[in-house]
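Trainee: I'm new to this one. Could you take a close look at a single part with me, the strands and how they pair up?

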Amino acid sequence: MSGRTRETTPPASERADATGRADAAGAGSVERVRAAVAAVRDPELRVLTVEELGVLRDVRVEGGRAVVTITPTYLGCPALDAIRADIVAAATAAGCPEVEVEVTFTPPWTTDWLGETARAKLTAAGVAPPGRQPVVLALPALRVRCPRCGSGDTALLARSGSTACLALWRCGGCGQPFDHMRDH
Amino acid sequence: MTPALFDQVLGLGDDALVAAQRMAEWCARAPELEEDVALANIALDLLGQARALLSYAGELEGLGRGEDELAFLREESEFTNVQLVELQNGDFARTVAKLLFFGVHQHLLYTELSAGESRLAAIAAKAAKETGYHAGHAEIWTLRLGDGTSESHRRMQEAVDHVWPYTHELAEVSGLGGPWLERVSGVLDAAGLRRPDDDWAPGGGRSGVHTEALGPLLAELQYLRRAHPGARW
């Protein structure tokens, strides 16, 4: 059990609401549990699901029991406990009477886990995705692009922002401040 | 249990926990709002590292103690953190100096420890990135204050002089004094700050020897748990 902690819900036999749920967790419901867990949203970056963010690593369902593996973005990420609780609630609602959430640190989360869909959703929500994009100001350069107006005329205001994974930037084009997901 | 591994993980966990608690004292007291957010985020990163390390230490020990028991129910002399992280915050420049020296050291150390497949390596790989960002933050402030006004320069130099003796223990713990000095000297030079002479070298934190600053810090950290055993949110 290297690098892992676990939290388990009580066995079905000890749960008052388990009656009837175990029957629902048949072979056909495995995909339903997977989909329900994958649809859990990050509590801080609400536009992304835990799957899109790269925090969800694995969902295994056997019989009426689900084992979900997640990984933290930062070791001290305060959202992890909320994610864990939301996953248990989602899997339970999808008919899985017993849910175990494991936390792994390997392979470590990096911003490379964000795919194109996730990056587009972040931009649409006013958060510049990680990395630099090519822009042409006086000369072609790699810059953080403003998620609101697309300008590359941007500057860092503060290296730490509203969550552990964001920094605060300002756009010289539209004058608006915006969050940038830090390269990590 | 491997006693050497337990001691190593506990020491790293205590470094992170005490540094986190001290850093968190800036919350709502930093010189500007952005810095308040930055220091609180750094404290949060350190606390996350402490939790991962102390949980692991508890498992290695095998006596049923978890992260909470190790953090809240040990006496001062049982803490094995280096003395640098327990020093009082004082002037903001001192916090910058502590974070520069500690952040650079932890970044080097965790980078070295992150090689391999062990559980400590997995934690170190996460912590290396985080402490690298902390060191970068401290470097920016060291440059700004050291190369700023005569007053900011004076206070940054005083802070460097004050904290310097406690950096010897970092090198003693890790054997990374060479690369540490190279990187720190580069920052001090660029900031126009004088590297202090190596003289007094307090130490012994890993053996439970501490300055008078640790006791009050632990009193605040542990008070609630000791007053209300078993209390939950």
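Mentor: Let's go straight to strand S2 (residues 56–62) of chain A, which runs antiparallel to strand S3 (residues 65–70) of chain A, with 6 bridges joining them. Strands here are DSSP runs of E with at least two residues, helices are runs of H or I with at least four, and both are numbered from the N terminus; two strands pair if DSSP finds at least two bridges between them. This is a predicted model, where local features need pLDDT of at least 70, side-chain atom pairs count only at pLDDT 80 or more, and totals for chains, interfaces and linings use all residues. Residues are numbered from 1 along each chain as its sequence is written, while chains are lettered from A and ligands numbered from 1 in the order in which they are written.

Within this pair, look across from A:Arg60 and you'll find A:Val67 in S3(A). S2(A) and S3(A) make a hairpin, with 2 residues between them, and A:Gly63 in that turn has a positive phi of about 65 degrees.

Now follow S3(A) to its other partner: strand S4 (residues 98–103) of chain A pairs with S3(A) in the parallel sense, over 6 bridges. There, A:Ala66 sits opposite A:Val99 in S4(A). Put helix H4 (residues 80–93) of chain A together with S3(A) and S4(A), and you've got a right-handed β-α-β unit (with the strands pointing away from the viewer, the path from the first strand over the helix to the second runs clockwise).

Past S4, the loop leading to helix H5 (116–124) of chain A holds A:Pro107. A cis peptide bond links A:Thr106 to A:Pro107, with omega about -10 degrees.
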